[in-house]
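Me: Could you take a close look at the aromatic rings in this model for me, with enough of the surroundings to place them? Here is what I have.

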Amino acid sequence: MRTLLSATFICILQTILPAQNNVQLSGKITDANGTPIPYATVKVENTTQGAYTDDTGFYSLQLAPGKYKITASFISYQSQQADILLEADRKQDFVLKESSENLEEVIVYGKGRTQQIREKALAVNVLQIGGTLQNTSANLNSIIGRTTSVRIREEGGAGSDFNLSINGLSGNSVRYFMDGMPLSSLGSEVSLAHIPTNIIEHVEIYKGVVPAHLGADALGGAINIITKKNQRNYLDVSYGAGSFDTHKADLNAQLTEPRTGLIIRPTISVNYSKNDYTMKGVEVWDEESRKYIPVNRKRFHDDYCFLFGQIEVGFAHKSWADALFISGSYSKINKELQLGSVQNKVYGMAEKESNAWNLSVRYQKRNFIIKELLLNASLSHTWDHSLTIDTAFRKYDWNGNYITSPRNEITGRARSMRHYKRPATIARANLEYRLNASHSFNANYLLNRMNNERYDNIDVDFEASNDVMAKHILGFSYNHALFKGKMDNTFFIKEYINHLNIRQTDLSSITGSKEAAGSTTQDFFGYGVGSRFTVVEPLSLKASYEHSVRLPLARELLGNGTTVYANVALKPESSNNVNLGFFGTWHPAPGHTLYYEANGFLRYADNYIQAKVSEKEGMMQYENIAGVHIKGVEGEVRYDRQNKLQLSANISYQDARDQNKYKTDGKPSATYNNRVPNQPWLFGNAEAGYTWRDVALPESKLRLGCTFQWVHWYFLTWEAYGARESKARIPEQRICNADLTYSWNRERYNISLECANLFDETAYDNYKLQKPGRSFFVKFRLFIH
């Protein structure tokens, strides 16, 4: 730690002193109505220097005194140039006029702000969620799941639980944020799949090394969703319907009151699906042959309904605040439960429902107290309540028939109406000080406190309790750029303070609750460094390292009330993460763009938290594995021709091995150096799309797209246990999807036709938990601005 801080201090001294001779050029970029334009580009012609405007349209450059030609530009606006004689600090504003041309669209990976993030020191994917993606029914899970090193495994159809992995570290090792705040503030059951894509600007996917400003105790990485902050009024509404009685409707809008500048942003999202797709080869009892035989049967108890509403009210671009917004949201999920953690555990009456109310406020102010100090502060409180209903003493089969049983369906115990109330308070404060265009400092604090109140309406033997989990995460980082932007470095430190008050004591032989009960507070430290150097266009190198710590989540530590047992004895994970790679963007000819990237990574995790499945009970529980080493490589290539033809392919290999040589009794462990089970280790994606313009109507677009996903087979349990030939395995997956989208009147009207799992393959992500077969979907979207 001391060596890292010393190196940081020396770098600061060596690089700040020469920068004092520079002068500052700054200003704002607005449209003709005076509305700030975020993410606009400011370029110093005939140099490699430039900047992007922030959310308030503000930019700042540090330049040596002299004469310069400055160009300001942004998509859908005409560029503007200015000749500047820079002798002292100077302000230069730009007013951009809208362009009347039919502008080309950037698909998936954009320019501007997203390009700037990708060229930073840390390993990060950035997805631009543009009109093409928003016109389809694809949810955020499926979009992110097609990127390099990311694998999303779903347990079924719409509304099912999922597991996301980045570079081999999966599940809760990855943290989720929306505009820098934990996504859980919207409710403990709200996930990536629930967020309407129409409100998203872009998504940042950090791999292994996570920036300090997110305040994350993440081991495998982090996903930060950046929402749109449109400066103009708009209405965006869509409706879609498809197979398995699936319906999706979204509405989001912005209305600005011209006299006061009051901004109102409503968002409504409704999803429903019967999920009655066919399960292939499930076993049912045959009376004639007196044995179980494989048959095809439809799911009969898997209805899912999701409702989300949010209203955000506030002001932007005022002298006293760059942004001040108050928001309230409500989410409701009703879910029938068809299966446990394995396919032969069939339910016919069990259900789960959850409700969450949220109230939050966020404040942003540039030049807070002193010049160049930016404050971002947020405060959120969520009232979260889930109920699992398991009152039927029945045992179902895939025919929908049942026999009476002395036990309930899920846990095999007494009738239950189990309540979990998890009110959560989240507070975040972030300060960023920009000394000049090359040097900045960031300090971040995040508080996340949650109660876990459990009680049951009808199970008299259940012991009610109210556990408390609270964590404080502090981070400090220093960033600097060298050699006129050719090199970018970041150094950071983090502190994690974890407070637990475990009060539950039931099922202690399974959950370890008696041994771990009581109040404890633990303190951990993390640190890291990242660097990016552009050798020569189009070749840049990246390297990053972090010693990270991850504190167990409520689902892992306290269970979920249905299919996951608590394990209150879980220990925090820690890991040393290393990334090394290269990337570049090459323009071999006008209108042709080739982007490439390759990375290698190492993850040395201690007390690795892994889900263990009991096939007999259909239950799951998280446990610590003493040590897991993960090494791997990944690569991606993308090609674009004149924004008409897009091709891309990526592949990921990740080898996770158990490093625990001995069991707790001192005997050799049979699983030593075994590949970690129930986890994909080789997979890839490919995409192709072509766009025709002015088809049938002027200012229209017709796009045909296709995606392909491949996953190598993998074992469910440790390789060392049982005969290899008879071991349970998740089979190889080959899934192809196709879509056709037509937009007209400058994308005001949009309609898409989609086919998922085009060749009707039997698709698994988890052990014999089948995903839907071939399905169709149609969606209409109206976008007015």
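How many of the 785 residues of the chain, as a percentage, count as buried? And after that, please walk me through the aromatic pairs.

Reply: Happy to. Please keep in mind that this is a predicted model. To take your opening question directly, 53% of the 785 residues of the chain count as buried.

A little background on the whole chain helps before the rings. Its secondary structure comes to 7 helices and 48 strands. The radius of gyration is 27 Å, close to the 28 Å given by the globule rule for 785 residues, so the chain is as compact as a globular protein of that length. Along the principal axes, the C-alpha trace spans about 90 × 65 × 50 Å. Among contacts between residues at least 6 apart in sequence, 65% join residues at least 24 apart. The chain exposes about 33,700 Å², and carbon and sulfur atoms supply 56% of that area.

Now to the rings. The count comes to 21 aromatic pairs. One of them joins F315 and W320 in an edge-to-face arrangement, 5.8 Å centre to centre with 70 degrees between the planes. F315 counts as partly exposed because its relative accessibility is 23%, and W320, at 43%, counts as partly exposed too. F441 and F476 give you a stacked pair, with 6.5 Å between the centres and 25 degrees between the planes. F441 lies in strand β30 (residues 439-456) and F476 in strand β31 (residues 465-482), so this pair ties together parts that are 35 residues apart in sequence. F476 itself is partly exposed, with a relative accessible area of 39%.

Ring pairs also link F300, Y396, W398 and Y402 into a cluster. Y402 has a charged partner as well: the charged end of R394 sits over the Y402 ring, 3.9 Å from its centre. Elsewhere, R729 places its charged end over the ring of W713, 3.9 Å from the ring centre.

W398 leads us from the cluster to E283, since E283 is in contact with Y292, I293, P294 and W398, leaving aside its neighbours within four places in sequence. E283 is found in strand β20 (residues 278-286), and at 53% relative accessibility it counts as exposed. From E283 to R407 the separation is 124 residues in sequence and 22 Å in space, C-alpha to C-alpha.

For a contrast in burial, try R151, in strand β10 (residues 150-154). R151 counts as buried, because its relative accessibility is 8%. Not counting residues up to four places away in sequence, R151 touches N163, L164, S165, P680, F683, Q709, V711 and D765, so its list includes the aromatic residue F683.

One last check, in case you are setting up bonds: a search of the whole structure finds 0 disulfides. Take C755 as an example. Its sulfur is 8.5 Å from the closest cysteine sulfur, in C736, which is too far for a bond, given that a disulfide needs the two sulfur atoms within 2.5 Å. C755 counts as buried at 8% relative accessibility, whereas C305, at 33%, counts as partly exposed.

Notes: Residues are numbered from 1 along each chain as its sequence is written. This is a predicted model: local features need pLDDT of at least 70, side-chain atom pairs count only at pLDDT 80 or more; totals for chains, interfaces and linings use all residues. Side-chain values use heavy atoms; hydrogens and water are left out. Buried means under 20% relative accessible area, exposed over 50%, partly exposed in between (1.4 Å probe, protein chains only). Rings of Phe, Tyr and Trp (its six-membered ring) pair if their centres lie within 6.5 Å; planes under 30 degrees apart count as stacked, over 60 as edge-to-face and the rest as tilted. Helices (H or I, at least four residues) and strands (E, at least two) are DSSP runs, numbered from the N terminus. A charge sits over a ring if NZ of Lys or CZ of Arg is within 6 Å of the ring centre and within 35 degrees of the ring normal. The radius of gyration is taken over C-alpha atoms; the globule rule is 2.2 Å times the number of residues to the power 0.38. Contact means heavy atoms within 4.5 Å. Accessible areas come from the Shrake-Rupley method with a 1.4 Å probe; for residues, only the protein chains shown count as cover.
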